[in-house]
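Reader: Before I rely on the labels attached to a structure, I would like to hear the reasoning behind them. Could we go through them one at a time?

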Amino acid sequence: MKKKALIVILICIFLIGIIMIVYHTVGGKNPFKDLEPSEIVSATVRLTPPDTTIQVVEIEELTRYLNDVVIYNKDNSYTEYSGQGVIFTLILSDGTQTEVMAYNPFFVIDGVGYKTKYEPCEALNAYANRLLNDENANIILEEPPELTVISDETALNALLGTYSWQKRNGDGTSTEIQADSPHPLDCENLLLKFETIKTTATLNFTENPSSILNIQCWNEKYWNNHNANSENIVIDNYEIELKPGGYIYEVIAEWDTKRSGYGGIVHYYFYIQVLENEQ
């Protein structure tokens with residue numbers, strides 16, 4: 001009888017072990033189940049694409065989504081997938097930093113991937129995209145946005161010139177970065193040469209500025225003569241009229257720092273030659 005009882009006990013222990021393994025493998029776990037909003041000092045989310053980082057203001061809402069996340073077995077094959085990833089960076093009250101990425105069907109914690117429950121992960125992704133589409137979103141711009149000039153279905157990357165840029169530090173203070181560059185007319189060897197038969201071009205910033213302060217241009221005959229007078233260019237909804245012939249253009253744009261703590265005044269230079277349309 002004792003032998004049978006021992007066998008029954010061993011079988012029970014074995015079954016309990018199997019149940020626990022199945023539970024942790026299939027049932028999953030909630031890594032942020034007990035996370036409280038007060039534990040998050042600050043949070044940001046980066047959406048890739050479009051490679052935009054946003055300051056999270058509603059920490060309580062974010063915490064609720066994180067509380068619901070369920071992960072299963074480790075799986076780092078997420079690196080083989082393509083799609084949009086939303087990466088949340090959490091600065092915690094204990095001084096640590098945690099980075100999590102919602103990337104269905106995966107959830108990545110500090111670089112370690114796990115298979116995840118679909119609905120909570122999708123809710124995090126949808127939340128991040130709502131922030132992105134909010135016209136009042138606090139966009140984090142660590143450095144001046146890039147400017148691409150598009151004309152005749154061809155794109156030209158503008159040269160980043162002089163700028164004064166402010167960014168917010170983790171402790172709430174701000175740092176201002178100053179960068180000087182040569183005068184546009186001294187940049188002949190730095191500017192890409194761009195030819196078009198169209199008389200208009202569109203300015204495409206990776207993040208639109210608060211305002212465009214000025215656009216001016218110089219005829220190419222004034223290369224290396226930065227005392228030459230410039231001509232002003234009118235802009236209409238990010239479209240500009242191009243001068244016939246070869247011209248060096250300067251765009252001065254401003255990003256307001258009041259809302260997000262990031263921004264400044266940036267100068268961009270580019271060269272376009274408008275060719276005669278033989279048709």
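Reader: What does Asn67 touch, not counting residues up to four places away in sequence?

Author: In this model, which is predicted, Asn67 touches Asn30, Phe32, Lys33 and Leu35 once residues up to four places away in sequence are set aside. Asn67 itself lies in helix 2, which spans residues 59-67. Asn67 and Asn30 are 37 residues apart in sequence, and their C-alpha atoms are 7.0 Å apart in space. The word "touches" rests on heavy atoms within 4.5 Å, whereas the 7.0 Å runs from C-alpha to C-alpha.

Reader: Why is Asn138 called buried?

Author: Asn138 has a relative accessibility of 15%, and buried means under 20%, so the label follows for Asn138. Asn138 lies in strand 8, residues 138-140, and touches Thr53, Ile54, Gln55, Val57, Arg259 and Ser260, not counting residues up to four places away in sequence.

Reader: What makes Arg130 and Glu61 a salt bridge?

Author: The closest N and O atoms of Arg130 and Glu61 are 3.4 Å apart, and the cut-off for such a nitrogen and a carboxyl oxygen is 4 Å, so the pair qualifies as a salt bridge. Arg130 lies in helix 3 (residues 118-133) and Glu61 in helix 2, so the salt bridge ties together parts that are 69 residues apart in sequence. Arg130, at 44% relative accessibility, counts as partly exposed, and Glu61 is also partly exposed, with a relative accessible area of 23%.

Reader: How do you know that Lys115 and Asp75 meet in a salt bridge, and which of these two residues is buried?

Author: The N to O distance between the side chains of Lys115 and Asp75 is 3.7 Å, and the limit is 4 Å, so the pair meets the definition. This pair links distant parts of the chain, with Lys115 in strand 7 (residues 112-116) and Asp75 in the loop between strand 3 (71-74) and strand 4 (85-92), 40 residues apart. Asp75 has a relative accessible area of 19%, which is under 20%, and therefore counts as buried. Lys115, at 29%, counts as partly exposed.

Reader: What makes Glu231 and Lys243 a salt bridge?

Author: The closest N and O atoms of Glu231 and Lys243 are 3.1 Å apart, and since the definition asks for a distance within 4 Å, this pair is a salt bridge too. Glu231 is in strand 16 (residues 231-232) and Lys243 in the loop between strand 18 (239-241) and strand 19 (245-255), 12 residues apart. Glu231 counts as partly exposed at 32%, as does Lys243 with a relative accessible area of 23%. The structure holds four salt bridges, including this one.

Reader: Why is Asp34 called exposed, and which residues gather with Asp34 in a patch of negative charge?

Author: Asp34 has a relative accessible area of 64%, and exposed means over 50%, so the label holds for Asp34. Asp34 is found in the loop between helix 1 (2-27) and strand 1 (40-48), and gathers with Glu36, Glu39 and Asp94 in a patch of negative charge on the surface. The patch is called negative because Asp and Glu count as negative.

Reader: How many helices and strands does the chain have, and what share of its residues is buried?

Author: The chain has three helices and 20 strands, and buried residues make up 39% of its 279 residues. Among contacts between residues at least 6 apart in sequence, 67% join residues at least 24 apart.

Conventions
Residues are numbered from 1 along each chain as its sequence is written. This is a predicted model: local features need pLDDT of at least 70, side-chain atom pairs count only at pLDDT 80 or more; totals for chains, interfaces and linings use all residues. Side-chain values use heavy atoms; hydrogens and water are left out. Patches are made of residues with over 30% relative accessible area and no salt bridge: like charges are joined within 9 Å, nonpolar side chains (Val, Leu, Ile, Met, Phe, Trp, Tyr) within 5 Å. Accessible areas come from the Shrake-Rupley method with a 1.4 Å probe; for residues, only the protein chains shown count as cover. The place of a charge is taken as NZ of Lys, CZ of Arg, CG of Asp or CD of Glu. Helices (H or I, at least four residues) and strands (E, at least two) are DSSP runs, numbered from the N terminus. Buried means under 20% relative accessible area, exposed over 50%, partly exposed in between (1.4 Å probe, protein chains only).
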